[in-house]
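The following note sets out numbered remarks on the structure shown below. They concern the fold, a hairpin and its turn, aromatic pairs, a helix contact and a database annotation.

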Amino acid sequence: MEYFDGSNNNNNLSIDPAYQNRRYVYKAIKRIFDFVASFLGLILLSPLFLIVAIAIKLEDSKGSVFYSQVRLGKKQEPFKMYKFRSMEVHADEHLKELLSENEVEGAMFKMKDDPRVTKVGRFIRKYSIDELPQLVNVLLGNMSLVGPRPPLPREVKDYTDYDKQRLVVKPGCTGLWQISGRNDVGFPEMVQLDLKYINHRGLMFDLYIMFKTIGVFVMPNSAY
């Protein structure tokens with residue numbers, strides 16, 4: 001099963017306008033699954049959370065273990081997204097100095113050798129462990145296990161109407177972008193992947209993405 005070929009032949013891809021009027025059963029099952037899976041995940045992963053928390057504190061005792069950041073979810077509704085802190089304290093204040101070093105195209109910032117990232121941060125980012133606290137967001141209902149990456153407000157300011165189509169569904173912890181190369185995939189391609197997911201989403205598609213995500217944890221695909 002393959003959903004992205006790396007080409008730009010789908011620039012006119014748009015969301016099926018009838019999608020809001022179908023799959024009510026799918027949406028209900030998806031929310032129940034999200035709630036149960038995130039609840040169990042937080043319990044089962046609690047030992048790992050403790051180990052990561054200790055490692056972060058040993059490297060920087062003054063900084064917090066967790067990091068929250070305002071993101072935009074479904075219909076551009078703002079919410080606080082949680083992560084393990086992988087950067088130095090006050091990293092956001094130094095972002096403007098690094099914007100010229102952005103290594104991805106479009107309304108998104110990524111830098112492979114970001115000097116703000118700590119040693120522990122590089123490890124947990126490589127294996128996407130820093131993203132695990134987002135299970136709290138899934139439990140609360142402002143994120144899903146599978147869906148488009150939730151953007152920053154400053155990123156959305158640069159969105160075109162075409163790009164904003166990816167914001168009509170609840171954002172997710174993982175999605176086609178994460179399993180298709182992640183940082184090797186540019187912003188325009190990420191939007192295409194999100195629109196493909198929105199148009200074809202379903203229980204089997206979600207399970208496929210989650211299964212592929214497990215492989216990304218075991219064998220990282222360029223996460224940084």
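1. Gln-76 is found in the loop between strand 1 and strand 2. This is a predicted model, and the backbone of that loop deserves a careful look. Gln-76 has a positive phi of about 65 degrees, although the residue is not a glycine. Its side is partly exposed in the sense that the relative accessible area of Gln-76 is 35%.

2. Lys-75 lies in the same stretch, namely the loop between strand 1 and strand 2. Lys-75 is likewise not a glycine, yet has a positive phi, here of about 55 degrees. Is Lys-75 buried or exposed? With a relative accessible area of 63%, Lys-75 is exposed.

3. The two strands that flank this loop form a hairpin, with 5 residues between them. Strand 1 covers residues 66–72 and strand 2 covers residues 78–84. Their pairing is antiparallel and runs over 7 bridges. As one example of the register, Val-70 has Lys-80 in strand 2 as its bridge partner.

4. How many aromatic pairs does the structure hold? There are 6. One of them joins Phe-49 and Phe-84 in an edge-to-face arrangement, with 5.1 Å from centre to centre and 65 degrees between the planes. Phe-49 belongs to helix 2 (residues 46–59) and Phe-84 to strand 2, so this pair ties together parts that are 35 residues apart in sequence. Both Phe-49 and Phe-84 are buried.

5. A further pair is that of Tyr-197 and Phe-205. The ring centres are 5.7 Å apart and the planes stand at 50 degrees, so the pair is classed as tilted. Tyr-197 is buried, as is Phe-205.

6. Phe-49 and Phe-84 also belong to one aromatic cluster, which includes Phe-66. When the hairpin is inspected, this cluster may be viewed together with it.

7. Helix 1 (residues 24–44) packs against helix 8 (residues 203–218) at an angle of about 35 degrees, and the axes are 10 Å apart. Which residues make the contact? From helix 1 they are Tyr-26, Ile-29, Lys-30 and Phe-33, and from helix 8 they are Leu-203, Asp-206 and Met-210. By class, this contact of helix 1 with helix 8 comprises 5 nonpolar and 2 charged residues, with no polar residue.

8. The unreviewed UniProt entry annotates residues 32–56 as "transmembrane region". In the model, this span is 96% helix and 0% strand. The C-alpha atoms at the ends of residues 32–56 lie 33 Å apart. The annotation itself comes from the record, whereas the helix content and the end distance are computed from the model.

9. Some remarks on the whole chain complete the note. The protein has 8 helices and 4 strands, and along the sequence they follow the pattern α-α-β-β-α-α-β-α-β-α-α-α. Of its 224 residues, 49% count as buried. Among the contacts with a separation of 6 or more, 72% come from residues 24 or more positions apart.

How values were computed. Residues numbered from 1 in each chain as written. Predicted model: local features only at pLDDT ≥ 70, side-chain atom pairs only at ≥ 80, totals over all residues. Heavy atoms only, no water. Pairing = 2+ DSSP bridges. Phe/Tyr/Trp six-rings, centres within 6.5 Å; stacked < 30°, edge-to-face > 60°. Buried < 20%, exposed > 50% of the residue type's maximum accessible area, 1.4 Å probe, protein only. Axes fitted to C-alpha atoms, helices over the stretch in contact; angles between N-to-C directions. Contact = heavy atoms within 4.5 Å. Nonpolar A, V, L, I, M, F, W, Y, C, P; charged D, E, K, R; others polar. UniProt positions renumbered as here; feature names shortened; annotations may be inferred.
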